[in-house]
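Here's a quick walk through one structure, written for someone who likes to have the model open alongside. Pull it up and follow along.

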Amino acid sequence: MFESLFLYSSRLFSKGELLFASGWPVWLLVVLCLAVVGGIGYVVQQRHGANLKGARWITIAGLQALVLCLLLGMLWRPALRVTALKPQQNVVAVVVDDSRSMTLKHDGAAANGASRVAVAKALLNDGLLDRLRKRFQVRVYRAGANLERVAGLDAVTGGQTTTHLGAAMKQMMEESASLPIGAVVLLSDGSDNAGGMDADALGEIRRRRIPIHSVGLGAERLVKDIEVVDLDAPQRALSDSRIGAAVTFKQYGFSGQKAKLVLMADDKIVSSREVTLGEEGVPQSETMLFNVGLAGARNLKASIVKIAGEENENNNAQTRLVNVESLKPRILYVEGEPKWDFKFIRRALEGDRNIQLTTMLRTTQNKVYRQGVENPKELEQGFPDKEEELFKFSGLIIGGVEASWFTPQQQAMIKNFADRRGGGVLFLAGRGALSDGGYAASSIAEMIPVSLVDRKGTFHRDPATVELTQAGRDSLMVRIEEDANKNVERWKKMPYMANYQETGVAKPGATVLMEALPTSKGRFPLLVTQRYGRGRSAIFATSGTWRWQMSQDVKDMSHELFWQQLLRWLVTETPPQVSANPSRQVLLDEGQIDFRADVRDKAYNPMNAATVEARILGPAGSAAMVPLTPDANQAGIFTAKWDAPKRGSYVVEVLAKNGKEEMGRDVFTFMREDGVAESFHAEQNKQLLEGLSRQTGGNYYTPETAKTLPEDIAYSEAGITTRETKDLWNMPALFIALLGAKAAEWMLRRRWGAV
Amino acid sequence: MVNNRYFRALCVAILLGGVAFAFQRGRNRLSFLQDDDAPEPYPTDASEKTEWQFARLRYNSYRQQAGYWGVRGSWSTDAPKAERHLAQGLKRLSRVHVRSVEEVVDLDSDKVFDYPWLYAVEVGHWDLTDAQAAKLREYLNRGGFLMVDDFHGTIEWEIFMRSMSRVFPDRPVIDIEDKDAIFHIVFDLDDKVQIPGIVMFYTGNTYEQDGVKEKWGGIRDEKGRIVVAICHNMDLGDAWEHADLPQYPERYTSMAYRIALNYLVYDMTH
């Protein structure tokens with residue numbers, strides 16, 4: 001229809017440049033048009049102004065002026081200038097996605113429908129390739145992990161386990177350096193293991209100005225499918241700790257139905273629950289809590305049991321590795337006076353075999369009672385005055401001890417403890433704590449996650465209950481019931497706390513997880529956390545949680561659980577002197593991985609003078625040794641690239657030495673999975689394909705609309721091109737407009753009696 | 001019938017004899033003790049909310065014949081002077097935030113759970129019901145601490161254990177070793193001595209009945225923490241109560257204060 005009226009396709013108009021080909025000045029056309037409008041207006045008004053009302057003679061004049069202006073415009077020769085590929089001198093690259101996802105049905109609704117790869121081949125064989133060959137030289141490629149030229153479509157079977165569209169397109173652009181590639185035709189479902197097109201590859205493609213025309217294959221949404229989209233679990237955990245695994249899944253065609261969600265650790269079910277499937281296509285998330293058990297690499301698998309009628313059951317599970325560490329991080333708790341919470345926090349931690357609590361309690365004005373020290377000499381002289389001594393701990397709790405009890409140097413060390421060492425610092429309430437302890441005016445105030453009010457009398461021995469904020473409802477730190485809703489209700493039923501302390505408002509970037517609701521007045525931030533440098537800090541503005549223990553049945557473990565989780569949060573992410581991580585925890589169908597180690601001295605200053613190497617233990621007993629080299633841009637950072645050759649789990653121990661002295665070691669795990677990723681995101685990724693085409697100046701097609709593709713791609717700025725000027729004065733649309741204007745004028749004049 | 005008449009006469013005679021003995025005893029009370037039971041002035045800071053408060057256990061005792069709390073029982077011995085003197089001492093000697101006045105709690109309500117430190121005196125007379133024993137067990141298992149004091153000799157020990165063994169049927173009473181943390185947590189108490197009650201002024205002995213040797217006993221929980229501290233054949237309550245009495249030897253009062261503080265801080269740290 002568009003072409004019938006305007007001679008050329010709309011895509012040509014979008015690519016071309018409109019101009020007047022007569023060579024006469026455009027301003028003259030404008031002046032003549034204005035003169036025509038003015039002249040005709042004057043004549044019509046003189047002749048018919050007496051008979052016709054204002055709007056009517058203006059309409060008549062307008063139609064007459066329109067006809068004359070159109071004729072003037074046609075005399076100026078309107079035209080479309082386009083850049084077109086020279087026939088038979090350019091190469092069109094036809095790239096067919098050869099990954100396994102292409103073997104899924106093109107139309108998800110059709111039970112016996114053709115596969116995506118079959119639809120692609122049929123589209124090409126049924127005329128598209130021939131029509132392309134009439135205009136261009138055509139080269140056929142298949143895309144999987146790499147781009148590979150093939151002699152014919154028989155080589156495309158959908159047999160490759162992986163797709164990297166970005167890498168394939170980048171490779172194509174490299175080939176274009178020696179070939180006059182005018183356009184790329186990509187037939188794909190958009191499924192990409194790398195998670196899409198990285199900015200690097202996209203930038204390179206755009207720089208070459210080669211349009212990529214994509215033909216989308218596969219249903220944009222599956223009819224009956226459940227997919228476990230993600231399994232989010234911490235990469236590291238302390239042994240015997242309870243951690244949360246967030247399982248995200250989405251479904252099509254099963255809204256309202258029940259499904260069974262199962263979490264397994266090393267092939268043993270550690271948690272399972274029935275879930276009600278929500279809205280179609282909308283990811284929903286469930287958090288499952290479980291005990292990670294003893295030290296070692298734990299293979300975690302979350303799955304949804306197949307529901308009858310499901311199209312693709314290969315995307316019902318996700319796997320992750322959790323490295324369970326046998327570390328026993330130490331926490332130093334300094335308390336200014338004997339108090340019940342001190343006793344009950346100690347008791348709560350006795351149930352946690354992996355955290356060592358060392359305490360300093362001021363029992364009298366001049367006596368400090370130490371518990372949990374490694375030897376009689378430890379902390380004998382009081383709070384550490386050397387960083388090496390303090391930095392042995394992973395967490396620090398400051399109870400009701402006045403800020404002035406610490407020397408200025410010790411206050412600086414406390415800040416460095418979180419900032420540089422990466423430890424966690426928790427501030428508790430008390431008569432000598434927070435605002436009442438003079439912290440608002442101390443240098444430590446900047447690391448406290450609330451803006452402390454600068455006055456005394458903020459500590460109140462009055463009852464207060466707890467309420468979770470929205471962030472608290474989502475946080476696992478305060479989860480004492482596995483189910484999030486039950487957890488909220490559980491907290492509402494907790495006995496009141498014996499006291500609370502007024503704090504200021506939370507600082508920007510801090511997260512309020514709990515609020516205290518005193519029976520007397522208002523509400524105050526109770527548990528607030530924030531990142532501070534490499535570490536973290538928190539405030540828990542009460543010392544009255546002992547009532548949670550004393551006022552509930554002895555079998556109730558909520559008090560113990562709360563404190564264990566809070567203090568594990570305090571130390572779990574505290575890095576050792578040598579900490580190492582992989583760039584990715586799970587490799588999908590490829591082995592490329594980066595190792596990164598952060599090496600520090602005993603005062604946790606970055607250290608470059610070290611020898612760092614990674615000892616890798618892979619599947620079937622395979623082993624490798626990889627040296628890490630210092631990063632030129634970041635002090636203390638060492639990196640290495642490695643290629644994991646086989647699928648399976650890998651354990652990597654990174655060891656740093658200074659001369660012969662060992663500085664520290666760290667262990668992490670990762671895994672490689674082959675042939676799994678293609679089963680995920682099985683619906684067509686139209687967004688990726690459309691975006692790729694749009695950003696490169698190409699178009700997105702479906703197999704049904706791809707018939708015009710040979711004509712459309714003839715106009716491109718890449719390859720060997722020529723400039724063409726196409727006349728537009730003879731467009732049928734212009735003549736229809738002329739006739740229409742005259743006919744309308746005639747009809748109106750007859751009607752209004754102005755003939 | 002005749003026997004019955006003689007029996008009644010014997011009872012009346014015993015009663016009259018007892019009254020006469022008691023009257024005589026009162027008249028023989030030592031002169032410096034005459035005003036010792038005068039009520040303490042009520043502290044002006046009594047309403048202050050604090051971390052710790054002396055909680056005295058009110059229990060049912062064998063010698064209470066008329067109803068439950070109908071008469072003042074042995075649970076209230078030395079009250080309130082003993083705890084108020086002790087409170088003053090603890091304020092002076094430690095950083096514990098101490099309330100100047102005491103609280104009386106019993107095992108028939110849940111109020112006891114708001115006081116993780118509990119003192120029971122003259123437990124050689126207590127008689128806990130099964131429900132009270134169960135509540136005391138729950139209290140101690142949740143994290144409470146009980147100090148018992150001022151009971152003497154074999155008979156009172158047996159009465160004490162009659163109830164205590166129903167609280168913890170499976171936990172033995174042990175002798176706390178001198179090296180235990182409870183004797184060193186604030187003060188090193190290597191020089192512990194038997195703390196006598198006021199009765200020594202009459203008998204000249206530091207012990208009562210057949211309780212010649214003091215016992216620093218305890219009951220531990222499953223983690224080895226002392227949850228019941230037993231001061232048998234001693235009377236720390238009298239030592240606190242008579243702290244302001246020049247005739248009562250200061251060394252006993254001083255030791256009783258230090259023991260109480262050690263027990264309290266032990267409770268607040270274990």
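What follows goes from the domains to the sheets, then to a helix and the chain contact.

First, a caveat: this is a predicted model. Chain A is divided into five pieces, and two of them are stitched together from separate stretches of sequence: domain 1 takes 2-81 + 725-752, and domain 2 takes 87-220 + 683-719. The others are continuous, with domain 3 at 225-326, domain 4 at 330-572 and domain 5 at 591-674. If you want a feel for the layout, the C-alpha centres of domain 4 of chain A and domain 5 of chain A are 35 Å apart.

Let's start with a strand that has company on both sides. β3 of chain A covers residues 91-97, and seven of its seven residues are buried. In a regular strand, side chains alternate between the two faces of the sheet. Here both faces of β3(A) are covered: A:Val91, A:Ala93, A:Val95 and A:Asp97 sit on one side, A:Val92, A:Val94 and A:Val96 on the other, and every one of these is buried. Note that A:Asp97, too, is among the buried residues.

Which strands does β3(A) pair with? One is β6 (residues 181-188) of chain A, running parallel and joined by six bridges, where A:Val95 faces A:Leu186. Another is β4 (residues 137-143) of chain A, also parallel and joined by seven bridges, with A:Val91 opposite A:Gln137.

Now for an open sheet of nine strands with mixed pairing, in the order β18-β17-β16-β19-β20-β26-β25-β24-β22 of chain A. β18 and β22 (464-468) of chain A each have a single partner strand, so one side of each has no neighbour in the sheet. On average, neighbouring strands here are turned by 15 degrees against each other, ignoring direction. Further in, β16 (residues 330-335) of chain A runs parallel to β17(A), with six bridges between them. One of the residue pairs there is A:Glu335 with A:Leu361 of β17(A).

There's also an open sheet of three strands, ordered β8-β10-β13 in chain A and paired antiparallel. Its edges are β8 (225-232) and β13 (284-291) of chain A, each pairing on one side only. The average turn between neighbouring strands in this sheet is 25 degrees, direction ignored. β10 (residues 242-252) of chain A runs antiparallel to β13(A), and eight bridges join them; A:Phe249 stands opposite A:Gln284.

Here are the strand pairs side by side:

| Strand pair (chain A) | Bridges | Direction |
|---|---|---|
| β3 and β6 | six | parallel |
| β3 and β4 | seven | parallel |
| β16 and β17 | six | parallel |
| β10 and β13 | eight | antiparallel |

How far does helix α17 (residues 732-752) of chain A reach from its first C-alpha to its last? Its 21 residues span 30 Å, close to the 30 Å expected at 1.5 Å a residue. Just past α17(A), A:Gly753 takes a positive phi of about 70 degrees.

Finally, the chain contact. It draws 25 residues from chain A and 20 residues from chain B. On the chain A side, α8 (340-350), β17 (356-364), β18 (367-371) and α13 (546-550) each bring at least two residues. The largest share, seven residues, comes from α8(A). By class, the side of chain A that touches chain B counts nine nonpolar, six polar and 10 charged residues. So β17 and β18 of chain A turn up twice: as members of the sheet of nine strands, and as contributors to the side that touches chain B.

Methods. Residues are numbered from 1 along each chain as its sequence is written. Chains are lettered from A and ligands numbered from 1 in the order in which they are written. This is a predicted model: local features need pLDDT of at least 70, side-chain atom pairs count only at pLDDT 80 or more; totals for chains, interfaces and linings use all residues. Domain bounds come from an automatic or database domain assignment. Two strands pair if DSSP finds at least two bridges between them. Helices (H or I, at least four residues) and strands (E, at least two) are DSSP runs, numbered from the N terminus. Axes are lines fitted to C-alpha atoms, for helices over the stretch in contact, and angles run from 0 to 180 degrees between N-to-C directions. The expected span of a helix is 1.5 Å times one less than its number of residues. Two residues are in contact if their C-beta atoms, placed from the backbone, lie within 7 Å. Ala, Val, Leu, Ile, Met, Phe, Trp, Tyr, Cys and Pro count as nonpolar, Asp, Glu, Lys and Arg as charged, and the others, Gly among them, as polar. A residue is buried if 20 or more other C-beta atoms lie within 10 Å of its own, exposed if 12 or fewer, and partly exposed in between; C-beta atoms are placed from the backbone.
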